[in-house]
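Me: I've got a chain here that I'd like to walk through with you, one question at a time. Can you take a look?

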Amino acid sequence: MRIVFFILLAFVTLSAKAEDITGLLLDAENREPVAGAIIKAVGSKNFTASKSDGSFTLKGPATQLSIRCMGYETKNVEVPLKNSEIMLLPKETVLNEVVVQAPDIFQKGDTLVFNVGKYATSADDAIIDVIKRLPGVKVEKDGTIMYQGKPINKFYIDGNDFVGDAYGLATNNISKDDVAAVELMENHQPIKALEDIEFSDQAGINLKLKEDARSRWVGVTNAGGGLCPALYSGSIFAMRLARKMQNMFTLKADNTGWNPENEIKDHSYEPMFSSVYQEALWREYISADAAGAPLSESRTRDNRSWLANAIVSWGKGDASNRLKLNYIGDRLDYSSSIFTDYFSPEIDNLNQNDALQTRRHSLNAELKTEINKKNYFLKDNLRFDIGCQRGASAVSGSFNLNQDVARRRLSVTNDLRLIKKTDKRIFTLSSRNGFLHNPASLSVTADYGEPTQRIGINDFRSTTESQYGLFKGFWRLYVDGGVDINYRHIYLDLSHFPVEQNTAGQYNALLACAYLSPKAEYDRRGWRVVLRIPIQWRHYTLQGNHDFATFSPNLYLYRQLTAKSDFSMQVSYSSYAPDAAMFVDCAVLSDYRNLFMATPVKKTVSATSASATYRYRNPLTAFFANISASYTYSRSPYINNQKFVNDFIFTTYEPLSTGAHNFNTKGGVSKGLCHNRLVIGVDLSYSNISAATMRDDTKRDFRQEVFNANPYFKGSLNRWLSMNYTINVNVNTLKIGSQSSSDAASLYQTLSFTIIPDDNLHFTLGGEHYYTRFGDSQTKDANLVLLDASASWQINAKLRLGLTARNLLDRQNYRYSTFGSLSRTDHIYRIRPRNVLVTAQLRF
């Protein structure tokens, strides 16, 4: 019996030791998976390598493991493992007394990793200053980050998306010294359950923080004051990223031209529904308080602005929660003049001087819950918005009058999305329910009377969509189906208007849509083909009952040509119902002389389009290129008609079938030079629109062409000198019927030098040049030169002092030209005067 007992004991012991040993290798600094590490059983010949997700499986038996990986310290661990997660400490690799350092840019799978230390200069402040110089990346004026011509679809900080889609707060405040690398994830799919199922041609960005910036409060405080006029700018930003909770808080007050909207702008590009869904079903009516110029907002905004923001995020594992609160206060003064030529001897040209003041307050809150797993996704997002806005303008010139606009807004929206996936099936449920209360009014005091436009809107909308999909080999088959219900109560009243029209009415509109969208996808060896055949029925109960059936097939083709290039094309036909607003038969005043009068249309609109895109990138040589082209031919059963009646313009529609051709192409090339300290590139675009419109019941054909070229050069020439130069050339041509064409050209260029005699001392001198050639020989060409200068002193690692002088030549106005369908408008826009600002910045 003893012999049998010892034999059984030995068998059990050997069996236990022979079990497979599994674990997960993680970077001790950022908890990212470590791939390619060698795991060896000490005293045995058994070994294995870690996978891309850091996991490994090693055959036993073993009592100790030895783990080696380039760039990490060798580590020995005992078996059995106390924790399946094994942390490896990074270290520099020394070969023959040569330190192997991180390259400027390298590729890791579908991720491009930009070493911030190689791209940043001592003159940079926030991380956005570095992102702007990355090859292949472009930052728009509103803060939207573009890669290879398309906006990014997700923004992470250390793999966490707790800031959501309003990433301007992070990019404009996080110090470049707190970021180790900018990781650009190509073809990024943010929903794990859709990875390898739903292809994305957009990229995501992750800021990889340095170790000393994690799990502690980091931030920046700014304070500044100046003259001409009296200026102030103050802010505090604080952020903490811990494993269980993340926090971000911002307070800012400013009157130097800063726009708070850009800080919290939602750059969301994650669609909830299929292509059948229409985001906006109704038009905005009142536009009397709209203003803007194609010039940097810091030049044109005469403002007093406030921002308060708080983001708190918490979670565990794949589950996360986020609470976000925003408040914006914005007071603006605009001064502008326009001259409009209608290219008709029967219509008087318009001279208008406008002094506009606007006041806006908005408050919104958002609570989001998300579970993001490989086979399961759940998102619930509740958003609450409340705001008010007032605008008052004094108009002189062809007319002398005053306008006052008042708006209020209250909205509540809830989004729910559920995805459940198995190896062979997927089910998706998406739902959005929202309520909107949006009254507005426009009051005019003029020689011809005192008309008042009042608008009352109460709106409820509910959309539910589901998807069922099957996977078989290289094929994926889906069926999408949904119901969209919208109820809107509209109250319109235009009183004391001098021209007799139908100016008052109440409408109870019910819009219902049911749709079905079969979809087939084929994905194999770099080929991806997607065919969609959406069909829908749309019903309007508004001034009677109206039904429309539409059919919109779409074919998409994608080809991965090489590891560095890809090509895609799309062909589609679409038909859609006319706007519901076309059945609101009441005149609406949008400003002091423009009225909109809808005409019921009971036919569908159709469009045929084709597009193609080619992209190439070589990270090793830092060369990026993209080009795309599209063509659309649309057919409409009605045509826009502008009627000039006395001093007013009535915009309505006539039942006349028309077609429009629209061709667009754009592309860009960028190249990193001198170890990517320099980036050169060019963006080009061209559009050609041929269409028709009506004026005073007469059909007029027109063609408009726009060409834009934007070469640029940015980066460091050497350690003590950096230079940024960009030039933007725009040529706009309008041809009406058989008349000779009218054109306008503009040129905008900027040049700045930053001199760095010492790492702690920086001087910047910059200039902007604006040139406009107007479309007629009587108007003199416009030249505007703006000069700026600044200096900063980095007293220590935390404290920086700055001095900035803008518009040194004290220029007053900016002139430019735009084209309408049958008109040209020359603009004069007041810009901010010469000013000086002293600032102090403290980082912690």
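Reply: Sure. One term before we start: strands are DSSP runs of E, at least two residues each, numbered from the N terminus. Keep in mind too that this is a predicted model.

Me: In which strand is Glu 370 found?
Reply: By that numbering, look at the run covering residues 350-372. Glu 370 is found there, in strand 23.

Me: Is Glu 370 buried or exposed?
Reply: The cut-off for buried is under 20% relative accessible area. Glu 370 comes out at 10% relative accessibility, so the residue counts as buried.

Me: What does Glu 370 touch, and which side chain does the side chain of Glu 370 join in a polar contact?
Reply: Leaving aside residues up to four places away in sequence, Glu 370 touches Asp 161, Asp 318, Ala 319, Ser 320, Phe 377, Leu 378 and Lys 379. The polar contact between side chains is 3.2 Å, and the partner is Lys 368.

Me: And Glu 211, is that one buried, partly exposed or exposed?
Reply: Glu 211 lies in the loop between strand 17 and strand 18 (217-227). Partly exposed covers the range between 20% and 50%. At 42% relative accessibility, Glu 211 is therefore partly exposed.

Me: Which side chain makes a polar contact with the side chain of Glu 211?
Reply: Not counting residues up to four places away in sequence, Glu 211 touches Ala 28 and Glu 29. Asp 178 is 33 residues away in sequence, with a C-alpha to C-alpha distance of 8.5 Å from Glu 211. The side-chain polar contact, at 2.9 Å, is with Arg 214.

Me: Which strands stand at the edges of the open sheet of five strands?
Reply: The order across this mixed sheet is 10-11-16-17-15. A strand at the edge has a single partner, so one of its sides is left without a neighbour in the sheet. That applies to strand 10 (105-108) and strand 15 (154-157).

Me: Inside that sheet, what stands opposite Ala 181?
Reply: Strand 16 (residues 179-185) pairs with strand 17 (residues 204-209) in the antiparallel sense, over six bridges. In strand 17, the residue opposite Ala 181 is Lys 208.

Me: Let's move along the chain. How many bridges join strand 20 to strand 21?
Reply: Start with strand 19 (residues 231-241), which runs antiparallel to strand 20 (residues 245-254) over nine bridges, with a hairpin of three residues joining the two. One bridge in that pair matches Gly 234 with Ala 253. Strand 20 also pairs with strand 21 (residues 302-316), again in the antiparallel sense; Lys 252 has Leu 307 as its bridge partner there. The number of bridges between strand 20 and strand 21 is ten.

Me: Further on, which residue takes a positive phi in the hairpin of strand 43 and strand 44?
Reply: Strand 43 (residues 678-695) and strand 44 (residues 698-718) are antiparallel, with 18 bridges, and Leu 678 is partnered by Gly 715. Two residues sit between the strands in this hairpin. The one with a positive phi near 50° is Asp 696.

Me: What stands opposite Phe 713 in strand 45?
Reply: Strand 44 and strand 45 form a hairpin with two residues between them. They run antiparallel, and 14 bridges join strand 44 to strand 45 (residues 721-736). Opposite Phe 713 stands Tyr 725.

Me: Which residues touch the most other members of the largest nonpolar core?
Reply: This core has 53 residues. Among the elements giving two or more residues to it are strand 25 (401-421), strand 29 (475-495) and strand 37 (594-596). Touching the most other members are Trp 282, Leu 492, Phe 497, Val 584 and Leu 595.

Me: How many residues are in the second, separate core?
Reply: Val 116, Leu 134, Val 220 and Met 248 are included in this second core. Its size is 44 residues.

Me: Last one: how far apart in sequence are the parts tied together by the pair of Tyr 342 and Phe 644?
Reply: The two rings are edge-to-face, 5.1 Å centre to centre with 75° between the planes. Tyr 342 is buried at 7%, and Phe 644 is buried at 17%. Tyr 342 lies in the loop between strand 22 (319-341) and strand 23, and Phe 644 in strand 40 (residues 639-645), so the parts tied together are 302 residues apart.

Notes. Residues are numbered from 1 along each chain as its sequence is written. This is a predicted model: local features need pLDDT of at least 70, side-chain atom pairs count only at pLDDT 80 or more; totals for chains, interfaces and linings use all residues. Side-chain values use heavy atoms; hydrogens and water are left out. A nonpolar core is a set of buried Ala, Val, Leu, Ile, Met, Phe, Trp, Tyr and Cys residues joined through side-chain atoms within 4.5 Å. Buried means under 20% relative accessible area, exposed over 50%, partly exposed in between (1.4 Å probe, protein chains only). Helices (H or I, at least four residues) and strands (E, at least two) are DSSP runs, numbered from the N terminus. Two strands pair if DSSP finds at least two bridges between them. A polar contact is a pair of N or O atoms within 3.5 Å; within protein, one must be able to donate a hydrogen and the other to accept it, and residues adjacent in sequence count only if both atoms are side-chain atoms. Contact means heavy atoms within 4.5 Å. Rings of Phe, Tyr and Trp (its six-membered ring) pair if their centres lie within 6.5 Å; planes under 30 degrees apart count as stacked, over 60 as edge-to-face and the rest as tilted.
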